[in-house]
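Welcome, and please open your viewer. We will move from one selection to the next, pausing at each stop to see what is there.

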Amino acid sequence: MGEARAKQLADRIQVLVAELLERRVKDPRLGFVTVTDAKLTADLGEASVFYTVYGNEQDRASTAAALESARGLIRSEVGKALGLRRAPSLAFYLDAIPETAGQIEELLEKARRADAEVAKAAAGAKPAGDADPYKKPHEDTEDEQD
């Protein structure tokens with residue numbers, strides 16, 4: 001199987017898992033889950049499903065437990081929907097995108113503040129030396145040519 005086929009099936013797995021979590025899995029421990037991505041190995045044997053959970057650390061832990069207990073059901077339904085001879089094994093991973101995005105936003109804000117300070121300092125600044133620091137060739141005068 002080609003890489004394009006694996007990517008296509010991974011996209012389909014992402015949609016299927018999201019639908020199953022919304023409609024079929026009725027575990028009360030399951031929080032507000034968003035399936036963000038799915039990766040499938042080239043041999044179509046293993047699928048990694050990435051998800052985020054809205055809430056605190058306790059919500060994340062209970063959702064992880066609910067996903068682990070529903071993994072068999074989800075795998076069988078995904079296998080039926082894909083029509084593969086052997087359904088890929090599923091592994092669920094908490095996606096760190098929200099935390100990483102928050103850190104990046106903090107760093108960008110810090111850079112904006114530093115840029116504003118530099119612009120403020122540069123607004124009234126004057127050159128340390130001559131206004132035009134570049135050397136220019138001497139212009140020959142008529143006296144030197146004679």
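## Starting on the outside

Select Tyr134: this residue is exposed, with a relative accessible area of 66%. Keep in mind as you look around that the model is predicted. Tyr134 belongs to the loop between helix H4 (97-123) and helix H5 (142-145). Now add Ala101 to your selection and draw a distance between the two C-alpha atoms: Tyr134 and Ala101 are 33 residues apart along the chain, and their C-alpha atoms are separated by 45 Å.

## Two helices that cross

Next, colour helix H1 (residues 3-23) and helix H3 (residues 71-82). How do their axes meet? The axes of H1 and H3 come within 10 Å and cross at roughly 130°. That angle makes H1 oblique to H3. The crossing of H1 past H3 is right-handed.

To see what joins the two helices, show side chains on both. From H1, the contact uses Leu9, Arg12, Ile13, Leu16, Val17, Leu20 and Leu21. From H3, Ile74, Glu77, Val78, Ala81 and Leu82 take part. Sorted by class, the contact of H1 with H3 holds 10 nonpolar and 2 charged residues, with no polar ones.

Zoom in on Val78 for a closer look. Setting aside neighbours within four places in sequence, Val78 is in contact with Ile13, Leu16, Val17 and Leu20.

## Into the core

Val78 also leads us to the next stop. Select Ile13, Val17, Leu21, Ile74, Val78 and Phe92, the residues with the most contacts inside the largest nonpolar core. How many residues does that core have? The largest nonpolar core has 27 residues. At least two residues of this core come from each of H1, strand E1 (32-40), strand E2 (46-54), helix H2 (57-69), H3 and strand E3 (89-94). H1 gives the largest share of the core, 8 residues.

## A pair on neighbouring stops: Thr34 and Thr52

Move to strand E1 and pick Thr34. Thr34 counts as partly exposed, at 36% relative accessibility. Leaving out neighbours within four places in sequence, Thr34 is in contact with Phe50, Tyr51 and Thr52. For a longer view, add Gly83: this residue is 49 residues from Thr34 along the chain, and their C-alpha atoms are separated by 25 Å.

Now follow the contact from Thr34 to Thr52, which lies in strand E2. Is Thr52 buried or exposed? Thr52 has 15% relative accessibility, so it counts as buried. Apart from neighbours within four places in sequence, Thr52 is in contact with Phe32, Val33, Thr34, Thr36, Leu94, Asp95 and Pro98.

## Two loop residues to finish

Select Leu44, in the loop between E1 and E2. Most residues other than glycine have a negative phi. Leu44 is not a glycine, yet its phi is positive, at about 60°. Leu44 is also buried, with a relative accessible area of 8%.

Last, go to Ala87 in the loop between H3 and E3. At 15% relative accessibility, Ala87 counts as buried. Which residues does Ala87 touch, not counting residues up to four places away in sequence? Show Arg75 and Gly79, because these are the residues to look at: Ala87 touches both of them. Then add Glu77 from the helix contact you saw earlier. Ala87 and Glu77 are 10 residues apart in sequence, and from C-alpha to C-alpha they are 8.9 Å apart in space.

How values were computed
Residues numbered from 1 in each chain as written. Predicted model: local features only at pLDDT ≥ 70, side-chain atom pairs only at ≥ 80, totals over all residues. Heavy atoms only, no water. Axes fitted to C-alpha atoms, helices over the stretch in contact; angles between N-to-C directions. Helix = DSSP H or I, 4+ residues; strand = E, 2+ residues; numbered from the N terminus. Parallel < 35°, antiparallel > 145°, perpendicular 65-115°, else oblique. Left-handed = near helix turned anticlockwise from the far one by under 90°. Contact = heavy atoms within 4.5 Å. Nonpolar A, V, L, I, M, F, W, Y, C, P; charged D, E, K, R; others polar. Core = buried A, V, L, I, M, F, W, Y, C linked by side-chain atoms within 4.5 Å. Buried < 20%, exposed > 50% of the residue type's maximum accessible area, 1.4 Å probe, protein only.
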